[in-house]
Amino acid sequence: MIGHKIKGLGEVVLRVNDMELMKNFYLKTIGFELMNASENYTFFKITDGVGGHTQTLALFAKKNLTAFNEELKTIMPENTTLHHFALEIEKLDYEEILMLCKKNKIEYITKIFEWVKWKSIFIKDPESNIVEFVCYDPEI
């Protein structure tokens with residue numbers, strides 16, 4: 001069984017139409033640390049990972065081939081299999097992130113997931129990928 005060997009999520013990779021627009025969003029709006037960038041890709045540090053592997057968000061230009069050497073003709077977020085990706089936050093940072101969204105006029109929605117005691121803030125990046133900020137709240 002592979003599941004028991006997994007220690008965390010190493011990276012999420014999004015295909016993008018506009019590298020500069022997306023890079024600036026994740027760099028300036030979200031505030032990720034830039035690790036490496038070119039016209040074909042951008043890597044951001046999310047946090048330290050396990051065994052020296054940094055948890056990352058990567059942006060790949062649509063012209064990049066897939067890991068199976070396949071070419072993608074178009075990128076249409078409304079037709080993707082990615083529903084959203086979630087970033088863990090501390091409960092004490094929840095309200096601050098909510099205020100930053102309001103201050104910067106970032107459209108958001110909030111949800112409570114009672115069955116796991118999570119509360120979340122959902123936003124969209126410039127290419128309509130949904131990003132969730134989620135924290136555990138034992139008081140739910």
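Which residue just after α2 takes a positive phi? K105 does, with a phi of about 55 degrees, and you will meet its helix again in the fourth view below. Everything here comes from a predicted model, in which local features need pLDDT of at least 70, side-chain atom pairs count only at pLDDT 80 or more, and totals for chains, interfaces and linings use all residues. Residues are numbered from 1 along each chain as its sequence is written, and side-chain values use heavy atoms, with hydrogens and water left out.

**Figure 1. The whole protein chain holds 2 helices and 8 strands.** Helices (H or I, at least four residues) and strands (E, at least two) are DSSP runs, numbered from the N terminus. Follow the sequence from its start and you will read the pattern β-α-β-β-β-β-α-β-β-β. Along the principal axes, the C-alpha atoms fill a box of roughly 50 × 45 × 30 Å. Of the 140 residues, 30% count as buried; buried means under 20% relative accessible area, exposed over 50%, and partly exposed in between, using a 1.4 Å probe and protein chains only. Contact means heavy atoms within 4.5 Å. Among the contacts with a separation of 6 or more, 46% come from residues 24 or more positions apart.

**Figure 2. One open sheet has its 4 strands in the order β1-β4-β3-β2.** Its pairing is mixed, where two strands pair if DSSP finds at least two bridges between them. At the edges are β1 (11–16) and β2 (33–37), each of which pairs on one side only. From one strand to the next, the twist averages 20 degrees. Axes are lines fitted to C-alpha atoms, for helices over the stretch in contact, and angles run from 0 to 180 degrees between N-to-C directions. Look next at β3 (residues 41–47) and β4 (residues 55–61), which pair in the antiparallel sense over 6 bridges. To find your place in that pair, start from Y41, whose bridge partner in β4 is F60.

**Figure 3. Helix α1 (residues 19–29) packs on this sheet.** The helix touches β1, β2, β3 and β4, and its direction makes about 160 degrees with that of β4. Which residues of α1 are buried? They are M19, M22, K23, F25 and Y26. Seen down the axis of α1, these buried residues fall within an arc of 160 degrees, so they line one face of the helix; the arc is that of the directions from the helix axis to the C-beta atoms. D18 caps the N-terminal end of α1, placing a side-chain oxygen 3.3 Å from the backbone nitrogen of E20. A polar contact is a pair of N or O atoms within 3.5 Å; within protein, one must be able to donate a hydrogen and the other to accept it, and residues adjacent in sequence count only if both atoms are side-chain atoms. After α1 comes G31, with a positive phi near 90 degrees.

**Figure 4. A second open sheet of 4 strands runs in the order β5-β8-β7-β6, with helix α2 lying across β6, β7 and β8.** The pairing in this sheet is mixed. β5 (85–88) and β6 (108–113) stand at the edges with a single partner strand each, so one side of each is left without a neighbour in the sheet. The twist averages 25 degrees from one strand to the next. β5 pairs with β8 (residues 130–136) in the parallel sense over 4 bridges, and F85 stands opposite V131 in β8. Helix α2 (residues 94–103) runs at about 25 degrees to β7 (118–124). Y94, I97, L98 and C101 are buried in α2. Viewed down the axis of α2, they fall within an arc of 100 degrees, so they line one face of the helix. Those buried residues pack against β6, β7 and β8.

**Figure 5. C101 and C135 are both buried cysteines, and a search of the whole structure finds 0 disulfides.** A disulfide is a covalent bond between the sulfur atoms of two cysteines. The search takes a disulfide as a pair of cysteine sulfur atoms within 2.5 Å. Why does C101 form no such bond? Its sulfur is 13 Å from the closest cysteine sulfur, in C135, which is too far for a bond. Relative accessibility is 4% for C101 and 2% for C135.

**Figure 6. N64 lies in the loop between β4 and β5.** Is N64 buried or exposed? With a relative accessible area of 16%, N64 is buried. Leaving aside neighbours within four places in sequence, N64 is in contact with R15, N40 and E70.
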